[in-house]
Amino acid sequence: MEATFKTWKTSRNLFLTLLESYKLDQLNQVPQGFNNNLIWNIGHVIVAQQGLVYKGSGLPTHLPDEMFGRYGIGTKPEVPVSVDEYEVLKALLMDLIPQTESDFYNGKFVTYHERTTKTGFHLSTVEDALVFNNFHEGLHMGYIMSIRKFI
């Protein structure tokens, strides 16, 4: 699992660098032909990880429920992200890593609710969810790379 966590940390550092490279109005811009923006993708990877790992294990997440309503599957940006929300997302992007690692290595994830993702990945353990999370974040890094060409 060390490699999985190492990959996740690298991915999140890349997201952080991108987040800090743009002004808030650029992060909130939805380019023509897209249905989301740079900062929505950041929020989405945060809530997706918590859903995949914590909800999938039957545990409470470390996020307010309303974040799932803003950044969960099937959502899109409805209102611009404020400076305060930007700061929250920026902190969560990195702060959830040590929390998840600690919970994993301390045996907090005892069960997992088996399921198959929309992309066809079968998740039967929290380890599967953590590996799939890296794949999912890679997809969203690709979306971000596409969107940023139009900002």
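Here are some questions and answers on the helices, cores and salt bridges of this predicted model.

Residues are numbered from 1 along each chain as its sequence is written. As a predicted model, it counts local features at pLDDT of at least 70 and side-chain atom pairs at pLDDT 80 or more, while totals for chains, interfaces and linings use all residues, and side-chain values use heavy atoms, with hydrogens and water left out.

Q: How far does helix α6 reach from its first C-alpha to its last?
A: Helices here are DSSP runs (H or I, at least four residues; strands are E, at least two), numbered from the N terminus. The expected span is 1.5 Å times one less than the number of residues, and for the 23 residues of α6 (126–148) that gives 33 Å. The model comes close to that, at 32 Å.

Q: What covers the buried residues of α6?
A: Buried means under 20% relative accessible area, exposed over 50%, and partly exposed in between (1.4 Å probe, protein chains only). On α6 the buried set includes L130, N133, N134, E137, M141 and I144. An α-helix has 3.6 residues a turn, so residues three or four places apart point the same way. The cover includes α1 (2–20), α3 (38–53), α5 (83–105) and β2 (122–123).

Q: Which helix supplies the largest share of the largest nonpolar core?
A: A nonpolar core is a set of buried Ala, Val, Leu, Ile, Met, Phe, Trp, Tyr and Cys residues joined through side-chain atoms within 4.5 Å. The largest one has 25 residues, with I46, L63 and L93 making the most contacts inside it. At least two residues come from each of α1, α3, α4 (65–71), α5 and α6. The largest share, seven residues, belongs to α3.

Q: Which residues does L93 touch, leaving out those up to four places away in sequence?
A: Touching is a matter of contact, meaning heavy atoms within 4.5 Å. L93 is among the residues with the most contacts inside the largest core. Its list reads R12, F15, L16, L19, I42, V45 and I46.

Q: Which residue of α6 pairs with R12 in a salt bridge?
A: A salt bridge is a side-chain nitrogen of Lys or Arg within 4 Å of a carboxyl oxygen of Asp or Glu, and the count by this rule is four. R12 sits in α1 and its partner in α6, so the pair ties together parts 125 residues apart in sequence. Both ends are buried. With the closest N and O atoms 2.8 Å apart, the partner is E137.

Q: Is E85 buried or exposed?
A: E85 forms a salt bridge with R70, the closest N and O atoms being 2.7 Å apart. E85 is in α5 and R70 in α4, so the pair joins parts 15 residues apart in sequence. R70 is partly exposed, at a relative accessible area of 26%. E85, at 18%, counts as buried.

Q: How many residues apart along the chain are K90 and E20?
A: The side chains of K90 and E20 meet in a salt bridge (3.1 Å, N to O). K90 is partly exposed, with a relative accessible area of 24%, and E20 is partly exposed too, with 44%. The pair links helix α5 to helix α1, and the two residues are 70 residues apart.

Q: What separates the C-alpha atoms of N35 and P77?
A: N35 is in the loop between α2 (24–28) and α3, and is exposed at 53% relative accessible area. N35 touches V30, K76 and P77, not counting residues up to four places away in sequence. N35 and P77 are 42 residues apart along the chain, and their C-alpha atoms are separated by 7.9 Å.
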